[in-house]
Amino acid sequence: MSRAPQVSTLPQSAALRSFAAQWHARDVDALQPVREEAMQRFLKLGLPTMRDETWRYTDLRSLAARSFVDAPRSIRDSTPPDAALALLGNSERAATLHMVNGHPTLPVAGEAIDGVEIRPLREVARLDPGALLRFLQPLSDADQQRWGLLNTALFVDGLYLKITGRLAAPLVILHVASGDGADNIAYPRVIIEAAPGSSATIIEHHVAHGEHTPLVDSHTQLALRQGAQLEHYRVYATGASATHVDSLTIHQDRDSRCKQFTIVLGGGLVRTALEAHLDQPGASLDSNSLLVGHAERHVDCVNIVTHGAAETRSNQTARAIAGDSSRVIINSKVIVNAGAVHAHSQQSCRGLLLSPTAEIDTRPQLEIHADEVKCAHGATTGRLDPDMLFYMLSRGLDRETAQSLLVYAFLADVLTGMSVVPARAAIENALIAQLPDSQTLRKFR
Amino acid sequence: MLKITDLRARVAGRDILKGVNLEVNAGEVHAIMGPNGSGKSTLAQVLAGREDYEITGGSVTFEGRDLLALRAEERARAGLFLGFQYPVEIPGVNNVYLLKAALNAKRKAAGESEVDAYEFLALIKQKMKFMHMSESFLTRGVNEGFSGGEKKRNEVLQMLVLEPKLAILDETDSGLDIDALKVVSNGVNSLRDPQRAVVLVTHYQRLLDYIEPDRVHVLSGGRILKSGDKSLAKELERRGYDWVAGAEVA
């Protein structure tokens, strides 16, 4: 079988040529036709540029000149990632599944947990490719899915989780990014299917290990069947040199409820895309984004929620804080398709600037093709309220503590929505550590 | 304790205080009355250290220290307290956390250890009972969703916990019904002490039925036009502020 992607012209940039080279080196598997189509489309469309609608604020040109190679499948020095990174203690989680550069560290089968079936994607591809192909198609040319296309073409392994019961404790997926050179790339892929009536909490935690952090092109899919309930977290806690493009796709059936948290606490350039489809009546989504800009960090958050059926509900809450020379972008869009009557959507995007050199851009958008819908949206960006600050100073609090408390209060809307109390505490701690005067603040939390 | 000499201040390009002179001694309660726009609240905010109010002249000493050289938080720790006319709502910051942080900031400045959490809770519960406040205030955000009267009680509660040397209460009586006014007045009276002083900024005389002042001053047009004992308040009530302003012209 020929592996050459049928494209009319040779890829122009070094990055595209390197992706094509990775493609050539891949083993053929049962997903081949879909992967090939994904690769062709990616090479044809190329890396997203600032002319693409959802990439207006993020310049990826520096990536184009690099030649990427696959990141290693395991950590060479075999040192386990720092335990301090753990969001939950042993007693607080059902299990932690480790992924190194997208490769599950096996044996996954050893993780026998009631109510969830856990399998490596490579195994599913071999034994039941039909089941997997349902998730890989249809492919999308939309620019917010560009890196998802590349992931579909090139992921080697990943995790498939089928939730069948009602999980009491959260399940943690610890994604470790660890390179053995400067131009590594990883393609973590996770597919989570929540069977009818099931419920679970899944925390995807992205961390880095070692000197080199690969470019991470991760893609997660959530499918909630009728009446399923899922609380999903994705937490980015990599270092300042890390570039991460992540996309999350959610499909929701009748009366399913999804509560999603996107939390950016680390990374140098972090792009988080969320594309949710409320496909059947009664589906409900709460999307919460907590984006912390620190140092030179660039965070680009794109949330697109499509109401595809009547009586669907979505609530998007995004809070961004930007300090130093960081930049945070919140693109939040709701689309109500024709026929999605009585859809109810709410979008609240708020930004807080902590430094004169920081920047926050908020773009809430609405596209309504149905009657009898209720859609509200609001966006504000500003600095700390001087009246609030003066009130606290007049009570004797020092300036740093007062500012930190106000920043913390600003994020409270998102934090208080988290059901997993120990994870919330860990996230709060990580967040506070990036605020001025964190020691004092900890005492008053 | 407090000595204000020829104090001048400007807010948003407008001269508001045009040479205020006032001296308050320990153990005294002073009332500053005056019509709307006379500069009463500006004076209170300037004394508390609001930075966007520009001081254009004069001096203020507090226990012999140059008050204007201190930042707002330093003034608070030195024992100055401002009860706000419009207490700010700070959703997400717990009412009790703020109070505890405030008390600890003051203790730290005085070289004392932090307050014991259990003792603090006992103290605050006792003071809340005195202020007729429900314990639900313990868990709420600072002034979040409080009614006007609840906010004012909360201000006095903070004052009782922080035990300032000098309390400046800016229209703490406005918007209170008669029962709340009594509670708030009891709170202020409980703090009266030969070592402390209170400055009441008020538009109406009725507060002074409950908190008896030693001195009454009329502030108008950014200056204190008349000072007297408590009978001055009664006279103002009868004759109106025009009487004082007119007296100045004459």
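In chain B, helices α4 (residues 117-130) and α5 have axes that come within 10 Å and cross at roughly 135°. Helices here are DSSP runs of H or I with at least four residues, strands are runs of E with at least two, and both are numbered from the N terminus. Axes are lines fitted to C-alpha atoms, for helices over the stretch in contact, and angles run from 0 to 180 degrees between N-to-C directions. Angles under 35 degrees count as roughly parallel, over 145 as roughly antiparallel, 65 to 115 as roughly perpendicular and the rest as oblique, so α4(B) and α5(B) are oblique to each other. Their crossing is right-handed (the near helix is turned clockwise from the far one by less than a right angle).

This is a predicted model, so to speak with its own ground rules: local features need pLDDT of at least 70, side-chain atom pairs count only at pLDDT 80 or more, and totals for chains, interfaces and linings use all residues. Residues are numbered from 1 along each chain as its sequence is written, while chains are lettered from A and ligands numbered from 1 in the order in which they are written.

As for who touches whom, L123(B), I124(B), K127(B) and M128(B) of α4(B) meet L157(B), L160(B) and V161(B) of α5(B); contact means C-beta atoms, placed from the backbone, within 7 Å. By class, that patch has six nonpolar residues, no polar ones and one charged (nonpolar: Ala, Val, Leu, Ile, Met, Phe, Trp, Tyr, Cys and Pro; charged: Asp, Glu, Lys and Arg; polar: the others, Gly among them).

Helix α5(B), residues 148-162, also lies across strands β6 and β9 (166-170) of chain B, at about 170° to β6(B). Those strands belong to an open, mixed sheet of six, ordered β6-β9-β10-β3-β11-β12, where two strands pair if DSSP finds at least two bridges between them. The edges are β6(B) (80-83) and β12(B) (223-228), each paired on one side only. On average, neighbouring strands are turned by 20° against each other, direction ignored. Inside the sheet, β3(B) (29-33) and β11(B) (215-220) run parallel, joined by four bridges, and H30(B) has R215(B) as its bridge partner.

Chain A has an open sheet of ten strands with mixed pairing, in the order β3-β2-β6-β9-β11-β13-β15-β17-β19-β21. Its edge strands, β3(A) (103-104) and β21(A) (374-382), have a single partner each, so one side of each lacks a neighbour in the sheet. Strand β19(A) (344-353) pairs with β21(A) in the parallel sense over nine bridges, with G351(A) opposite T381(A). Helix α8(A) (399-415) lies across β15(A) (284-293), β17(A) (313-322) and β19(A), running at about 160° to β17(A).

Terms used: Contact = placed C-beta atoms within 7 Å.
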